[in-house]
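Biologist: Before I rely on the terms used for this model, I should like to see each one justified. Could you take me through them?

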Amino acid sequence: MRCPQCGNDTQQGSAFCSRCGTRMFAPKPSAVREYALATFRPSLWYYANGFLIGGVFIVIGGRILYGKFEQTRVPIQAGFAVLAFGVLIWIVTIIRSRTVNWSLTSDRLIEKRGLLASRRREMELADIRSVEVSKRVFQRMFGLGDVTIASAASSDYAIRLNDIYDADLAAETIRKARLKRMA
């Protein structure tokens, strides 16, 4: 192999030039396929407001059904309707929580959003400029965090992993995958 920097002939398969130390670029073998490394999902705390609102409706519906509102007469159908609405909110929240995921492969980071209409964003590991971890007080209490991956291709292009468990481990996994990809 010939060094692209100084033109020195080096041994086949060398990672660096023996004369100037420049990294040698070996072509990637075509037999190597992309493989999955990790999958990240937001924690259920990210959807806590949906569970909370649904729980309030369920409690109100239960109180109506058991007649705890003595001052006013409320029909029993209203109690069932409020209870069913609370359960519906819980079901929608659970479905929403399953519609977002981030997959880390050996070549790229893939963000998938949506159930019926979906959106998919991809970022090559070689294009990653920085990986940032932020943890608010509430997130730190539950071991959560946000990971923001910025792209070198564009200043406004970033993928943000919201409220994932062990954000530091996720950032380290992405960093290691990027370094392995660059080698």
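Modeller: The answers below concern two sheets and a nonpolar core. This is a predicted model, in which local features need pLDDT of at least 70 and side-chain atom pairs count only at pLDDT 80 or more, while totals for chains, interfaces and linings use all residues. Residues are numbered from 1 along each chain as its sequence is written, and side-chain values use heavy atoms, without hydrogens and water.

Biologist: How do you know that β1 and β2 pair?

Modeller: Strands are DSSP runs of E of at least two residues, numbered from the N terminus, and two of them pair if DSSP finds at least two bridges between them. β1 and β2 (residues 100–105) have four bridges in the antiparallel sense, so they are a pair. Ala36, for instance, has Thr105 in β2 as its bridge partner.

Biologist: Why are β1 and β4 at the edges?

Modeller: The open sheet has the order β1-β2-β3-β4. β1 (36–40) and β4 (119–124) each have a single partner strand, so one side of each lacks a neighbour in the sheet.

Biologist: What makes a set of residues a nonpolar core?

Modeller: Its members are buried Ala, Val, Leu, Ile, Met, Phe, Trp, Tyr and Cys residues joined through side-chain atoms within 4.5 Å; buried means under 20% relative accessible area (1.4 Å probe, protein chains only). The largest such core has 20 residues, and Phe40 and Trp102 are among those with the most contacts inside it. The largest share, five residues, comes from α4.

Biologist: Which strands does α4 touch?

Modeller: α4 packs on the sheet of order β5-β6-β7, touching β5, β6 and β7 (contact: heavy atoms within 4.5 Å).

Definitions and conventions: Buried means under 20% relative accessible area, exposed over 50%, partly exposed in between (1.4 Å probe, protein chains only). Axes are lines fitted to C-alpha atoms, for helices over the stretch in contact, and angles run from 0 to 180 degrees between N-to-C directions.
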